[in-house]
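User: Could you take one spot in this model and go through it closely with me? I'm in my first year, so please keep it relaxed, and then show me how the rest of the picture links up.

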Amino acid sequence: DSGLIAALIVLEMISEMGRPFSEVVHEFEKYKAIEETNSKVEDKNVVIDRLRKQYADAKILEFDGITFTYPDFWFNVRPSNTEPVLRLNVEARTQELRDKKAEEILQHIRQ
């Protein structure tokens, strides 16, 4: 019922494991993520529309930018409110796929 009690129980369990928190959490990571990558663009809406067409077969969610979801990776593109920049986040089941998709998507953004 209380988030604080649950947090204390989890912290107690982790302390009893005798391992760093980062190591314990790593076991539960489902996806490999890139650092958020910014790209300067002339027209944010044009680029987003281009991505919508290129990745039309994805499950698309328009909340906090636009998120494209596939079975083994997903990515989100958010326009900055204060500068001509799109922010890209990519996560995939493997590091290899993550790197491949990040490069591919950045090419579409930066063309």
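Analyst: **A close look at Arg87**

If we skip the residues up to four places away in sequence, Arg87 touches Glu36, Thr37, Asn38, Asn76, Val77, Arg78 and Ser80. Keep in mind as we go that this is a predicted model.

Where does Arg87 sit? You'll find Arg87 in strand S6. Is Arg87 buried or exposed? Its relative accessibility is 15%, so Arg87 counts as buried, the cut-off being under 20%.

Now for what the side chain of Arg87 is doing. One polar contact, 2.9 Å long, joins it to the side chain of Asn38. Another polar contact, of 3.4 Å, joins the side chains of Arg87 and Glu83. The pair Glu83 and Arg87 also counts as a salt bridge, with N to O at 3.4 Å. Here's the general idea behind that: side chains of opposite charge can pair when their charged atoms come close. The two partners don't share the same label, though: Glu83 is partly exposed, with a relative accessible area of 35%, while Arg87 is buried at 15%.

Let's stay in strand S6 for a moment, since Glu91 lies there too. Glu91 has a relative accessible area of 23%, so it is called partly exposed. What does Glu91 contact, leaving aside its neighbours within four places in sequence? The list is Tyr31, Lys32, Ala33, Phe73 and Trp74. Glu91 and Lys30 are 61 residues apart in sequence, yet their C-alpha atoms are 9.1 Å apart in space.

**Other salt bridges**

The Glu83 and Arg87 pair has company, as the structure holds 7 salt bridges. One of them links the side chains of Arg19 and Glu23, at 3.2 Å from N to O. Both ends of that bridge are partly exposed: Arg19 has a relative accessible area of 30%, and Glu23 comes in at 40%. Another salt bridge runs between Arg98 and Asp99, whose closest N and O atoms are 2.8 Å apart. Arg98 counts as buried at 14% relative accessibility, whereas Asp99 counts as partly exposed at 37%. Some bridges also share partners, and in that way Asp49, Arg52 and Glu62 are joined into one network.

**From strand S6 to helix H3**

Strand S6 (85-92) turns up again when you look at helix H3. Which residues of helix H3 (residues 44-54) are buried? They are Val47, Ile48 and Leu51. These buried residues cover an arc of only 100° around the axis, so they end up on the same side of H3. It helps to know that an α-helix has 3.6 residues a turn, so residues three or four places apart point the same way. Over on the other side of H3, Asn45 and Lys53 are exposed.

What covers the buried residues of H3? The cover includes strand S4 (66-69), strand S5 (73-79), strand S6 (85-92) and helix H4 (95-110). At its N-terminal end, H3 is capped by Asp43, which has a side-chain oxygen 3.1 Å from the backbone nitrogen of Asn45.

Arg50 is another residue of helix H3, and at 25% relative accessibility it counts as partly exposed. Its C-alpha atom is 8.2 Å from that of Ile109, although the two residues are 59 apart along the chain. The side chain of Arg50 also reaches the backbone oxygen of Ile109 at 3.5 Å. Not counting residues up to four places away in sequence, Arg50 touches His108, Ile109 and Gln111.

**Two last stops**

Asp64 is a bit of an oddball. Most residues other than glycine have a negative phi, but Asp64, which is not a glycine, has a positive phi of about 55°. Asp64 lies in the loop between strand S3 (59-61) and S4, and it is exposed, with a relative accessible area of 52%.

Finally, take a look at the surface patch made by Leu4, Leu8 and Leu11. This patch is nonpolar, and together its residues have about 330 Å² of accessible area. Leu8 has its place in helix H1 (residues 3-17).

Definitions and conventions:
Residues are numbered from 1 along each chain as its sequence is written. This is a predicted model: local features need pLDDT of at least 70, side-chain atom pairs count only at pLDDT 80 or more; totals for chains, interfaces and linings use all residues. Side-chain values use heavy atoms; hydrogens and water are left out. A salt bridge is a side-chain nitrogen of Lys or Arg within 4 Å of a carboxyl oxygen of Asp or Glu. Buried means under 20% relative accessible area, exposed over 50%, partly exposed in between (1.4 Å probe, protein chains only). Helices (H or I, at least four residues) and strands (E, at least two) are DSSP runs, numbered from the N terminus. The arc is that of the directions from the helix axis to the C-beta atoms. Contact means heavy atoms within 4.5 Å. A polar contact is a pair of N or O atoms within 3.5 Å; within protein, one must be able to donate a hydrogen and the other to accept it, and residues adjacent in sequence count only if both atoms are side-chain atoms. Patches are made of residues with over 30% relative accessible area and no salt bridge: like charges are joined within 9 Å, nonpolar side chains (Val, Leu, Ile, Met, Phe, Trp, Tyr) within 5 Å. Accessible areas come from the Shrake-Rupley method with a 1.4 Å probe; for residues, only the protein chains shown count as cover.
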